[in-house]
Every structure is written in C-alpha cells, then in structure tokens.
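Subject: Structure for you to look at

Hi,

Here is the structure I said I would pass on. Have a look at it first, and then read my notes underneath.

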Amino acid sequence: GRRRQGINRMWLIGCLVITASIALQAVAAHKQGISEEDRASLYKAGQNSIVNGIGMCLLAVVGGNFLVFVVQLLAVVLFTGLIAYKVLAGDSTFSKYVPYGGT
C-alpha cells in the first residue's frame, strides 16, 4: 500500500543521492580551472552525500522514520548543494551558510 510506496521512494531517492554524489566526485577529480581547495571541498561534500544516501537506503530497508530521512535529504541539499553551487557556478552568495566547505 501507501507505506510500501513511501519506502520505495525513500530507496529511490537514496540511490539517486548516491549516484549524484559519485558524479560530483568525478567532477571534482576531472574539472579544469578549479582550485585545489574547491576540489577538496567538492570531493568531501560528495563523500558526505554518499554516507547520507546509504543512510537513506538503510532507512527504506528497515522502514525507518520519515523525519530522519527528510533531515538527511536536507543535509545533502544544504551542505553538498551549496558547496557544489559555489564551486560550479562560481557564486559565493551562500558561502556564509557553509563557511568551511567540508575541508
């Protein structure tokens, strides 16, 4: 029923977060024209997101609390998303919210 659909969505979102994190780490490894500090920030942000994605998948498997899932998703968006935006878009408007960038 509805609970199973929610679990499937949590699993799917967790898998997508892991996939996006791997892609972000590939960008960090291969993108030309970024500083070593930005490269390290992207790589660490990607690592953090992989851990969150695995946590999301585990929550789906054990039928965990949806609020915990949402907090993990927000962590990915607010931490990794803001770091990726800063490095890839070249806009540091939101850097004050993630001042150290995971380094």
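Let me start with Tyr-43, which sits in helix H2. Bear in mind throughout that this is a predicted model. Tyr-43 comes out as partly exposed, at 40% relative accessibility. Once you set aside residues up to four places away in sequence, Tyr-43 touches Gln-25 and Ala-28. Phe-66 is another matter: Tyr-43 and Phe-66 are 23 residues apart in sequence, and their C-alpha atoms are 28 Å apart in space.

Now the overall picture. The chain has three helices and zero strands, so reading along the sequence you get the pattern α-α-α. Two of the helices come up again and again below: H2, which covers residues 36-62, and H3, which covers residues 66-89. Along the principal axes, the C-alpha atoms fill a box of roughly 50 × 25 × 20 Å. There are 103 residues in the chain, and buried ones make up 35% of them. The accessible surface comes to about 6400 Å², with 65% of that belonging to carbon and sulfur atoms. As for contacts between residues at least 6 apart in sequence, 61% of them join residues at least 24 apart.

On to the charges. The chain has 9 positive and 4 negative charges, and the mean positions of the two sets are 19 Å apart. Side chains of opposite charge can pair when their charged atoms come close. How many salt bridges does the count give? It comes to two.

One of them is between Arg-39 and Glu-36, with the closest N and O atoms 3.4 Å apart. Both residues are in helix H2, and because they are three residues apart there, about one helical turn separates them. Their surroundings are not alike: Arg-39 is buried, with a relative accessible area of 18%, whereas Glu-36 is exposed at 58%.

The other salt bridge pairs Lys-86 with Asp-38, and here the closest N and O atoms are 3.1 Å apart. Lys-86 lies in helix H3 and Asp-38 in helix H2, so this pair ties together parts that are 48 residues apart in sequence. Lys-86 counts as partly exposed, at 32% relative accessibility, while Asp-38 is buried, with a relative accessible area of 17%.

Asp-38 deserves a second look. What else does Asp-38 touch, not counting residues up to four places away in sequence? Besides Lys-86, Asp-38 touches Val-87. Ile-83 is also worth finding on your screen: the C-alpha atoms of Asp-38 and Ile-83 are separated by 8.6 Å, although the two residues are 45 apart along the chain.

Two residues of helix H3 caught my eye as well. Is Thr-80, which lies in that helix, buried or exposed? Thr-80 is buried, because its relative accessible area is 8% and the cut-off for buried is under 20%. Leaving out residues up to four places away in sequence, Thr-80 touches Leu-24, Ala-45, Asn-48, Ser-49 and Ala-75.

Leu-73 is also found in helix H3, but Leu-73 is partly exposed, with a relative accessible area of 28%. Apart from neighbours within four places in sequence, Leu-73 is in contact with Ile-13, Val-17 and Met-56. Ser-49, one of the residues that Thr-80 touches, turns up here too: from C-alpha to C-alpha, Leu-73 and Ser-49 are 9.0 Å apart in space, and they are 24 residues apart in sequence.

Last, the surface. Which residues make the nonpolar patch? Trp-11, Val-61 and Val-62 do, and the patch has an area of about 340 Å². Val-61 belongs to helix H2 and is exposed, with a relative accessible area of 60%.

If you only have a minute, go to the link between Lys-86 and Asp-38 across helices H3 and H2, and then to the patch made by Trp-11, Val-61 and Val-62.

Cheers

Note on methods. Residues are numbered from 1 along each chain as its sequence is written. This is a predicted model: local features need pLDDT of at least 70, side-chain atom pairs count only at pLDDT 80 or more; totals for chains, interfaces and linings use all residues. Side-chain values use heavy atoms; hydrogens and water are left out. Patches are made of residues with over 30% relative accessible area and no salt bridge: like charges are joined within 9 Å, nonpolar side chains (Val, Leu, Ile, Met, Phe, Trp, Tyr) within 5 Å. Accessible areas come from the Shrake-Rupley method with a 1.4 Å probe; for residues, only the protein chains shown count as cover. A salt bridge is a side-chain nitrogen of Lys or Arg within 4 Å of a carboxyl oxygen of Asp or Glu. Helices (H or I, at least four residues) and strands (E, at least two) are DSSP runs, numbered from the N terminus. Buried means under 20% relative accessible area, exposed over 50%, partly exposed in between (1.4 Å probe, protein chains only). Contact means heavy atoms within 4.5 Å. Lys and Arg count as positive and Asp and Glu as negative; His and the chain ends are not counted. The place of a charge is taken as NZ of Lys, CZ of Arg, CG of Asp or CD of Glu.
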